[in-house]
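Work through these exercises with the model open. Try each task before reading its solution.

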Amino acid sequence: MKRSAKILGVIVCCFVAGVVGVLLYLVSGTRPPKEAKLIQTFQAHRAEFDRLREMLQADVQVVRLATWGVVTTNSVIPRVPPEGTFPLARYGEYMVLLKRVGGSVAFRGEGQHANPSVLLWGSGFAGYTRHIGLSWMDQPPTNQIATLDAYRGMSQFDDRHVVFRHLDSNWYLWTDL
C-alpha cells in the first residue's frame with residue numbers, strides 16, 4: 001500500500017509540474033522578434049505586403065482571414081473556402097502571400113480608412129496575448145514610438161495600448177506589448 005501511494009504521489013507531482021510548465025509557456029510564450037528582423041522581412045517582401053494591402057482594400061466584405069477561414073461582414077463564423085461565399089482562388093492567393101511574408105492573419109477595419117493589416121507575431125494565452133503586426137494607415141497615428149525593441153507598454157488584459165513605429169510611406173509596425 002505504501003509503494004502505490006508513493007507512485008501515485010509521483011504521478012500527481014509530475015502531472016502538476018507539467019500543467020504548470022504548459023501554463024507558464026503559454027503565458028510567457030516566445031520573445032517578440034527584433035525590430036531589425038521585422039524591417040528586413042518588410043523590405044524583402046514589400047511587393048507581397050503591397051499586394052495584401054491592395055486585396056484587403058478591394059475586398060470590403062473581409063473582416064479577417066487566416067488558415068482557419070474567412071470572417072466576412074456577412075458571416076461572423078470563419079469559413080474555409082469553398083465553404084461560404086468567399087472565392088476559393090482569392091482565399092488561396094491570400095494564403096500564399098501570408099505564408100511568404102510570415103504572417104498569420106490578414107485583417108481590415110470598416111469604412112473608408114480600413115487600415116489593412118497583417119499579424120506577424122503573437123504570443124500568450126487568452127486575455128494576455130501580445131501581438132506585433134504591420135498596417136497601412138491612411139492617416140498617421142498619433143501614438144508613435146521610435147522603436148519597438150525598447151517599448152514595453154502598460155497593457156493589462158482588456159486595457160490594450162497599441163503603438164506604432166513608422167516604416168515607409170503609409171506602412172507602420174504596431175504592437176500591444
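**Exercise 1. Is Trp171 buried or exposed?**

The model is predicted. Step one: take the relative accessibility of Trp171, which is 2%. Step two: apply the cut-off, since buried means under 20% relative accessible area. Trp171 therefore counts as buried.

**Exercise 2. Classify the ring pair of Trp136 and Trp171, and place both residues in the fold.**

Start with the distance: the ring centres are 5.5 Å apart. Then take the planes, which meet at 75 degrees. Planes over 60 degrees apart count as edge-to-face, so the pair of Trp136 and Trp171 is edge-to-face. Now locate the residues. Trp136 belongs to strand 6 (residues 130–136), and Trp171 to strand 8 (residues 171–175). The pair therefore ties together parts that are 35 residues apart in sequence. Trp136 is buried, at 15% relative accessible area. Next, look around the rings. Phe42, Phe49, Trp136 and Trp171 are linked into a cluster by ring pairs. Arg53 lies over the face of Trp136, 4.3 Å from the ring centre.

**Exercise 3. Classify the ring pair of Phe86 and Tyr94.**

The whole structure holds seven aromatic pairs. In the pair of Phe86 and Tyr94, the ring centres are 6.2 Å apart and the planes stand at 45 degrees, so the pair is tilted. Check burial next. Phe86 has a relative accessible area of 6% and is buried. Tyr94 is at 0%, so Tyr94 counts as buried too.

**Exercise 4. Test the length of helix 3 (residues 46–58), then list its buried residues.**

Helix 3 has 13 residues. The expected span is 1.5 Å times one less than the number of residues, which gives 18 Å for helix 3. The end C-alpha atoms are 18 Å apart, so expectation and model agree. The buried residues of helix 3 are Glu48, Phe49, Asp50, Leu52, Arg53, Met55 and Leu56. Keep the helical repeat in mind: an α-helix has 3.6 residues a turn, so residues three or four places apart point the same way.

**Exercise 5. In what order do the eight strands form the sheet, and which strands are at the edges?**

Trace the open sheet: the order is 3-2-1-4-5-6-8-7, with antiparallel pairing. Strand 3 (75–79) and strand 7 (163–168) are the edge strands, each pairing on one side only. The twist averages 20 degrees from one strand to the next. Zoom in on strand 1 (residues 62–66) and strand 2 (residues 69–72): they pair over four bridges. Leu65 stands opposite Val70 in strand 2. Finally, add helix 4 (residues 88–101). Helix 4 lies across strand 1, strand 2, strand 4 (105–107) and strand 5 (117–123), at about 60 degrees to strand 1.

How values were computed
Residues numbered from 1 in each chain as written. Predicted model: local features only at pLDDT ≥ 70, side-chain atom pairs only at ≥ 80, totals over all residues. Heavy atoms only, no water. Helix = DSSP H or I, 4+ residues; strand = E, 2+ residues; numbered from the N terminus. Buried < 20%, exposed > 50% of the residue type's maximum accessible area, 1.4 Å probe, protein only. Phe/Tyr/Trp six-rings, centres within 6.5 Å; stacked < 30°, edge-to-face > 60°. Lys NZ or Arg CZ within 6 Å of the ring centre and 35° of its normal. Pairing = 2+ DSSP bridges. Axes fitted to C-alpha atoms, helices over the stretch in contact; angles between N-to-C directions. Contact = heavy atoms within 4.5 Å.
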